[in-house]
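Me: I am new to this structure and would like to learn how its descriptive terms are earned. Could you go through them with me, setting each value against its definition?

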Amino acid sequence: MQSRTDLIEDLMGRFPHVPREAVIKEDLLRGGLAFDDSALTDNENGEVKPKSYFIFSFDHRTLPELGAAALRRPPEEIVLTGGPYELRRTVVSVRTNPDSPYRVKPDEDGRLRLFLDGRAIAEVGLPPMPDYYRHTLANGKSVMEVAPTIQWGYLIYLTVFRVCQYFGAKEECQYCDINHNWRQHKKAGRPYTGVKPVDEVLEALAIIDRYDTARASQAYTLTGGSITSKVDGLAEADFYGRYAQAIEERFPGRWIGKVVAQALPREDVQRFHDYGIRIYHPNYEVWDKRLFELYCPGKERYVGREEWHRRILESAEVFGPRNVIPNFVAGVEMAAPHGFTSVDEAIDSTAEGLQYFMSRGITPRFTTWCPEPTTPLGRANPQGAPLEYHIRLLEVYRATMEANGLSSPPGYGPPGPGRAVFSVSSFMDSLPAESTD
Ligand code: SF4
């Protein structure tokens, strides 16, 4: 039987243009990694920045199944360097899987290493606890809960609405555990605010602004579940927009403002822009028509795929095509029982979607699918998508971008192997270092 080491080395050999760093990063993102107890954090009381659970669980087990990692959180991210593949600095978001062949643990000299199939393949750096995490809001809430940062401190992730109004099997996206993640944190007694008050967000941002003296934080993302009726008496654009308005009034231009929301009608999109948001992510999730209808039943019912795409194009007239960056969940194309059964077909379909948007100047981006166990697709596909799909996607993404004369999208930090900080897929690690924002 082929070992995971054989698999990654085979792919590194067959796809020499894809950085080796990206091969390992994609494999860690799709399948997760295990942590030795000694490599876990001391939560908010230690020297290492803990995993904040900033929106989804991004774990391969539920909290009660994580053992020690449920009590002492793993780090938010790790950074890999060196080893037999001579890895350049690679930032990887942590997705916990106690059964993964990848394990973070100390070697015999006590230095933290990433092991694959029992062999050390990289040195592991841990994110230091940021100064701003050591301070609390006046009501005692932590900055990590209200305004966590990811991407090695680059992005402040403001999930201001922790649940989604697409609810239950007939509406929730089939790969999404936002509602389950909210329930499991509540059940575990963790602080996990359903709707974050604007004042708390501003207070947390003031702490970050004050203590982030190196100005590592460059952008914020406003996001959360979809709103099909109202929250706090507000429809989706006004609900998310009010945070942008307050942030831009208080800290004008301090960070690049981004919002992840549904593909909304033009007047709503215009309001986001008027409030000071600069980048809009109306995520299209999966390109194929049949799979979109099956995987995103709520979005299909309330908006519909064609209208969703039409609104994405329309929003480019408001924000400018460079600043419309719709996400898709890379890998769900191959999820059983409805997905493509061959990598060729899945890549062809995904490439068609990339060309559709990129030929219009819009640059999609993707997160690597984490098959969380409480979602229908994760339950049916605990191994996720084949690694070859993820590697070929990096190849076709870059080729389509270059064929359309585009470069890396704004608001993601620097591109290129050894430089990228975007942690939930390796698309930025795989782009040329010379392309700029
Ligand atoms: S719209 Fe879909 S992906 Fe987004 S939060 Fe709701 S269920 Fe999850």
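Me: What stands opposite valine 79 in strand 6?
Reply: Glycine 125 of strand 6 stands opposite valine 79. This is a predicted model, in which local features need pLDDT of at least 70 and side-chain atom pairs count only at pLDDT 80 or more, while totals for chains, interfaces and linings use all residues. Residues are numbered from 1 along each chain as its sequence is written.

Me: What makes strand 2 and strand 6 a pair?
Reply: Two strands pair if DSSP finds at least two bridges between them, and strands themselves are DSSP runs (E, at least two residues; helices are H or I, at least four), numbered from the N terminus. Strand 2 (residues 77-82) and strand 6 (residues 119-125) are joined by three bridges in the antiparallel sense, so they satisfy the definition of a pair.

Me: How do you know that strand 5 pairs with strand 6?
Reply: Four bridges join strand 5 (residues 112-116) to strand 6, and the two run antiparallel; one of the partnerships sets phenylalanine 115 against alanine 120. In the hairpin of these strands, which has two residues between them, aspartate 117 takes a positive phi near 50°.

Me: Why are strand 7 and strand 11 said to stand at the edges?
Reply: The open sheet of five strands has the order 7-8-9-10-11, with mixed pairing. Strand 7 (149-150) and strand 11 (279-282) each have a single partner strand, so one side of each is left without a neighbour in the sheet. Within this sheet, strand 9 (residues 219-224) and strand 10 (residues 256-261) run parallel and are joined by four bridges, with isoleucine 256 as the bridge partner of alanine 219.

Me: Why are helix 7 and helix 8 called roughly parallel?
Reply: Axes are lines fitted to C-alpha atoms, for helices over the stretch in contact, and angles run from 0 to 180 degrees between N-to-C directions. Angles under 35 degrees count as roughly parallel, over 145 as roughly antiparallel, 65 to 115 as roughly perpendicular and the rest as oblique. The axes of helix 7 (residues 236-250) and helix 8 (residues 266-275) come within 8 Å and cross at roughly 15°, and the two helices are therefore roughly parallel to each other.

Me: Which residues of helix 7 and helix 8 make the contact?
Reply: With contact meaning that C-beta atoms, placed from the backbone, lie within 7 Å, helix 7 contributes Ala237, Gly241, Ala244, Gln245 and Glu248, and helix 8 contributes Asp268, Arg271, Phe272 and Tyr275.

Note on methods:
Contact = placed C-beta atoms within 7 Å.
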